[in-house]
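Me: I am new to this structure. Could you take my questions one at a time?

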Amino acid sequence: MNYMEKIEARMSTREFKKKELSEKQIDSIKKAFLDTMRLDRDIDVSLEIVGGDAGVRLEGLAGYGGNAFMAPNYLVILSDQKPGYMENTGYLTEDLILSLTEMGIDCCWITVNDSDYVKTALRIDSMKEITALVAVGEGKKERLMKRLDIFNPSNVKYKEREGHVAPKIAQDDIAYYGVWGNPVDWSDTRIAPQVDHAIYAASLAPSFLNRQPYRFIFSNKILVLLAKKEEMVNENDTLLDIGAAMLNFAAVIRDENGSDGTWHLGVPTTIGDTKKPEEYEIVAWFDLS
């Protein structure tokens, strides 16, 4: 599967069968983790895979409202605390989750509000911070649901899928040209097809409570990524969401361009006034030249 296929196939699973991962599956996950794309390879990151009664120990400590979904296994991502470490975690964990999709392993992001509590509950002895937690296993069959994938105004996919299907913001509402609110001309003469596809892929990235706190602005051959602070979402979850969106974008660009592009955290020096709302801040940028 290429990245676009994996991104479109990915879904969140909220109910799991009790069967734990096999040794072969665990070995495949560990290998996939080592191969994940990273924003910063100088940040030391590690993976722990826990099972047994981990779901019971996590209940009330992790997940939105303390619901850890009682999965048979959990992937625990631990990271050194360096600049950009949460975005880096979101980036690599999204890549890992897409590998799980290809393996046929179901999963769901789990919120971590207190790393130390979760480390104690899972009996993990590490100086690193738990930056991501993913419930994994074989999901129970859920009812068929309709999903509307809006690629652009002339390409809308409407299909039945099993699983938890979250609605996504239309591509026209997630990206602007030059300044905030100015619509993008998606014709091939203005926006390269691979960039069009990559924005669509980014719009399908998972986000906490499906808030999709990110927006994009094209400016002087640079794609600017903006994020909104949400009252219902803590800062770390927003940074994970941003990392996941950046991964989807960069992965599709790599697939379709045949080469890697690079996200840069922070504000570029070569853009003018984007007229962005006050509640949004520029968090990263991608060189499209």
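Me: Which strands does helix H6 lie across, and at about what angle does H6 run to S8?
Reply: This is a predicted model, so local features need pLDDT of at least 70 and side-chain atom pairs count only at pLDDT 80 or more, while totals for chains, interfaces and linings use all residues. Residues are numbered from 1 along each chain as its sequence is written, and side-chain values use heavy atoms, with hydrogens and water left out. H6 covers residues 193–203 and lies across S7, S8 and strand S9 (222–228), where contact means heavy atoms within 4.5 Å. To S8, H6 runs at about 165°.

Me: How are helices, strands and such angles defined?
Reply: Helices (H or I, at least four residues) and strands (E, at least two) are DSSP runs, numbered from the N terminus. Axes are lines fitted to C-alpha atoms, for helices over the stretch in contact, and angles between N-to-C directions run from 0 to 180 degrees.

Me: How many of the eleven residues in H6 are buried?
Reply: Buried means under 20% relative accessible area, exposed means over 50%, and partly exposed is in between (1.4 Å probe, protein chains only). Val195, Asp196 and Tyr200 are among the buried residues of H6. H6 is mostly covered, and its buried count is eight.

Me: What is the strand order in the open sheet of five strands?
Reply: Two strands pair if DSSP finds at least two bridges between them. In this sheet the pairing is mixed. Strands S7 (175–177) and S10 (263–265) each have a single partner strand, so one side of each has no neighbour in the sheet. The twist averages 30° from one strand to the next. The order is S7-S8-S9-S11-S10.

Me: Which residue in S8 stands opposite tyrosine 177?
Reply: S7 pairs with strand S8 (residues 214–219) in the parallel sense, over three bridges. Opposite tyrosine 177 stands phenylalanine 218.

Me: At about what angle does helix H7 run to S9?
Reply: H7 spans residues 235–257. It lies across S8, S9, S10 and strand S11 (280–287). Its angle to S9 is about 155°.

Me: Which strands stand at the edges of the sheet of four strands?
Reply: This open sheet has antiparallel pairing and the order S1-S2-S4-S3. The edge strands each have a single partner strand, so one side of each is left without a neighbour in the sheet. They are S1 (45–50) and S3 (106–110).

Me: Which residue in S2 is the bridge partner of valine 45?
Reply: S1 and strand S2 (residues 73–79) pair over six bridges, in the antiparallel sense. The partner of valine 45 is serine 79.

Me: At about what angles do helices H4 and H5 run to S4?
Reply: Helix H4 (residues 85–103) lies across S1, S2, S3 and strand S4 (129–137). Helix H5 (residues 115–122) lies across S1, S2 and S4. The angle to S4 is about 15° for H4 and about 50° for H5.

Me: Which residue meets arginine 10 in a salt bridge?
Reply: A salt bridge is a side-chain nitrogen of Lys or Arg within 4 Å of a carboxyl oxygen of Asp or Glu. The structure holds eight. This one, at 4.0 Å from N to O, links a loop between helices H1 (3–9) and H2 (23–34) to helix H4, 84 residues apart. The partner of arginine 10 is glutamate 94.

Me: Are arginine 10 and glutamate 94 buried or exposed?
Reply: Arginine 10 has 8% relative accessibility. Glutamate 94 has 1%. Both values count as buried.

Me: Which residue of the salt bridge between aspartate 116 and lysine 119 is exposed?
Reply: The two side chains meet at 3.8 Å, N to O. Being three residues apart in helix H5, they are separated by about one helical turn. Lysine 119 is buried, with a relative accessible area of 10%. The exposed one, at 52%, is aspartate 116.

Me: What is phi near in lysine 275?
Reply: Lysine 275 is found in the loop between S10 and S11. It forms a salt bridge with aspartate 273, the closest N and O atoms being 3.8 Å apart. Most residues other than glycine have a negative phi. In lysine 275 phi is positive, near 60°.
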